[in-house]
Amino acid sequence: MKAVIKIGQGAMILFMTLMSNTASYAATVSEAEVDKSDTKVVNIDETSFSCIRDMTPVRHFYVDNLLGNIEGTLAAANSPEGAIYPTGSVVQLVPTEVMVKREPGTFAATNDWEFFELEVDENGSKIAKRGFVDVVNRFDGNCFACHVPAKEKWDFICESGHGCEPIPIDHKMTGALQRSDPRCGDTALESGDTMALIKLKLMVGAGLTKKWFEDLF
Ligand code: HEC
């Protein structure tokens, strides 16, 4: 019995050596073409999300990369011609809505983007909803349906002029929401933010934003 185990262990070590040689050979030949972060698994739970202002600002929104490839994410976000975001990319415009680029092949129809609706307070984030084509925001709007016109070229990122139906919230308001993200500790309001938040509150009161921002007040 002992001998059998020994042979078994020897065979296993030989097998592992062969495997690791093959793996390092594969890494050498493909290094130039394949981004290694694309082979890693993107694990997401509520600790993946925190203060929006700790992410990296791009124009009026924020990006991050859960696999550490922030350079790749920034390169995609700043590409004037549009680009496919690398695996692990996180994109946020307001504290409660997030897009995360999952592993290649996760969900073809969304180019592997997963949509999240968060509940945020001073203690952190809770994932209220997550999914690919069926997540609906506070506005009663389907994330995928609104973002899909920007699929080609812009990899589902709407901004302005990428083909998505515009939202009734301007960048003064999204900026004010970013600067008052409760997960960041003290608010960092700029002049005009209080006015923007009051205007937003009035729009919510008048039913103009449906239920989108109701939970934020
Ligand atoms: C009514 C249509 C609509 C719905 C519904 C919607 N979005 Fe968007 N979203 C937009 C538009 C338009 C922009 C760009 C706004 C701007 O920058 O002026 C945007 C911006 C964003 C951004 C910043 C990057 C970008 O695409 O410009 C993220 C991230 C985002 N939305 C995530 C979500 C998530 C997650 C949901 C669902 C929980 C969602 N959105 C629902 C239309 C929508």
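This short talk covers the surroundings of the ligand, helix H6 and alanine 145.

The model is predicted: local features need pLDDT of at least 70, side-chain atom pairs count only at pLDDT 80 or more, and totals for chains, interfaces and linings use all residues. Residues are numbered from 1 along each chain as its sequence is written.

I begin with the ligand. It is surrounded by 27 residues, a residue being near when its C-beta atom, placed from the backbone, lies within 6 Å. The closest are Leu93, Gly141, Cys143, Cys146 and Cys158. Strands S3 (89–92), S4 (97–101) and S5 (113–121) and helix H3 (143–147) each supply at least two residues of this shell; helices (H or I, at least four residues) and strands (E, at least two) are DSSP runs, numbered from the N terminus.

I turn to helix H6, residues 193–205. Its 13 residues should span 18 Å at 1.5 Å a residue (1.5 Å times one less than the number of residues), and its end C-alpha atoms are indeed 18 Å apart. Ala196, Leu197 and Leu200 of H6 are buried, meaning that 20 or more other C-beta atoms, placed from the backbone, lie within 10 Å of their own; exposed means 12 or fewer, and partly exposed lies in between. These three cover an arc of only 95° around the axis, so they are on the same side of H6; the arc is that of the directions from the helix axis to the C-beta atoms. Facing away from the buried side are the exposed residues Met195, Ile198, Leu202 and Gly205.

Finally, alanine 145 lies in helix H3. Is this alanine 145 buried or exposed? Alanine 145 is partly exposed, because 13 other C-beta atoms lie within 10 Å.
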